Amino acid sequence: MSALAIEGLSVTLGGAEILSGVDLTVAAGEWVTVIGPNGAGKSTLLRAVGGRLAHRGSISINGTHVSALSRRARARAVAAVAQTPVVPPGMTVIDYVLLGRTPYISPLGRESARDLAVVDGVLARLDLVAFAGRLLPTLSGGERQRVFLARALAQEAPLLLLDEPTSALDIGHQQDVLDLVDDLRRDRNLAVLATMHDLSVAGEYADRMVLMAGGRVVAAGPPAEVLTEELLTTQYRARVKVLQGAHGPIVVPVRS
Ligand SMILES: Nc1ncnc2c1ncn2[C@@H]1O[C@H](COP(=O)(O)OP(=O)(O)OP(=O)(O)O)[C@@H](O)[C@H]1O
């Protein structure tokens, strides 16, 4: 059974069909990255999987249709980092990351020692201990992006959705964050569905890639089959050269 199985997914927003007949699976322990030009429908796909959009077709998480899951069950099953998460005002980093434990805390209960230990562990792994008491708006963009990921990891869900998770990170923190997710994928059999605009980095970490354009899947497969000059030139209207690196294709933009 797949951690995530999507069949014939279509989404209409503002009267326009944004996703059309998307099929996609992610197995436990697999990393699938969705790429595609601006407006292709990548974020919409992740939002639908997170249970936040009306849709046609079917989205199943570990064999259960997403619309049959209660809010709490869904929060235990899937954790998401949105492109621009809503930040509650006046919240410290540690309180925000603790929100990730909400699905495990009873409505009138308090967080357990385990909840606090999970949060401490995640803050340490993401280099955020020094920021624990800071208010979120006082952080830099990259620091805040790591906090958003920390909250999602604190959720300990078996399916992780990452929408451009490293867009604000410097190259060192980018590698730290992606390596951490990769470790979790291997150690805890985490299923990862991500979107990324840096195609070379995307190809280094993904087991499979899905190229979307105009709300449809136009190519899917291992990075070497999707990151081709022909597909990228056509779908992005970009001039690129694809080189063979030690860890997969390297996509270099070429000036005309
Ligand atoms: N509520 C809405 N009403 C109408 N159109 C919408 C709505 N929400 C999104 N869209 C459109 O759906 C399309 C897909 O948007 P989406 O954010 O999924 O793209 P994306 O592939 O994630 O793009 P990007 O790479 O720019 O982040 C876009 O053309 C967007 O303008």
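The ligand shell and the main features of one sheet are described below for a predicted model.

The shell around the ligand comprises Leu 13, Gly 14, Ala 16, Ile 18, Gly 36, Asn 38, Gly 39, Ala 40, Gly 41, Lys 42, Ser 43 and Thr 44. Two or more of these residues are contributed by each of the elements β2 (16–26) and α1 (42–49). The contribution of α1, three residues, is the largest share of the shell. By residue class, the shell around the ligand contains seven polar residues, four nonpolar residues and one charged residue.

Strands of a sheet pair through backbone hydrogen bonds, in either a parallel or an antiparallel sense. In the model, an open sheet is formed by six strands with mixed pairing, and the strand order is β6-β7-β8-β3-β9-β10. The sheet is bounded by the edge strands β6 (78–81) and β10 (216–221), each of which pairs on one side only. Between neighbouring strands of this sheet, the average turn is 15°, with direction ignored.

At the β10 edge, the partner strand is β9, which spans residues 208–213. The pairing of β9 and β10 is antiparallel and extends over five bridges. Within β10, Ala 219 is the residue that stands opposite Leu 211.

The β6 edge is associated with a helix. Helix α5, formed by residues 141–154, lies across β6 and β7 (159–163). The direction of α5 relative to β6 is described by an angle of about 180°.

Technical notes:
Residues are numbered from 1 along each chain as its sequence is written. This is a predicted model: local features need pLDDT of at least 70, side-chain atom pairs count only at pLDDT 80 or more; totals for chains, interfaces and linings use all residues. A residue is near a molecule or strand if its C-beta atom, placed from the backbone, lies within 6 Å of it. Helices (H or I, at least four residues) and strands (E, at least two) are DSSP runs, numbered from the N terminus. Ala, Val, Leu, Ile, Met, Phe, Trp, Tyr, Cys and Pro count as nonpolar, Asp, Glu, Lys and Arg as charged, and the others, Gly among them, as polar. Two strands pair if DSSP finds at least two bridges between them. Axes are lines fitted to C-alpha atoms, for helices over the stretch in contact, and angles run from 0 to 180 degrees between N-to-C directions. Two residues are in contact if their C-beta atoms, placed from the backbone, lie within 7 Å.
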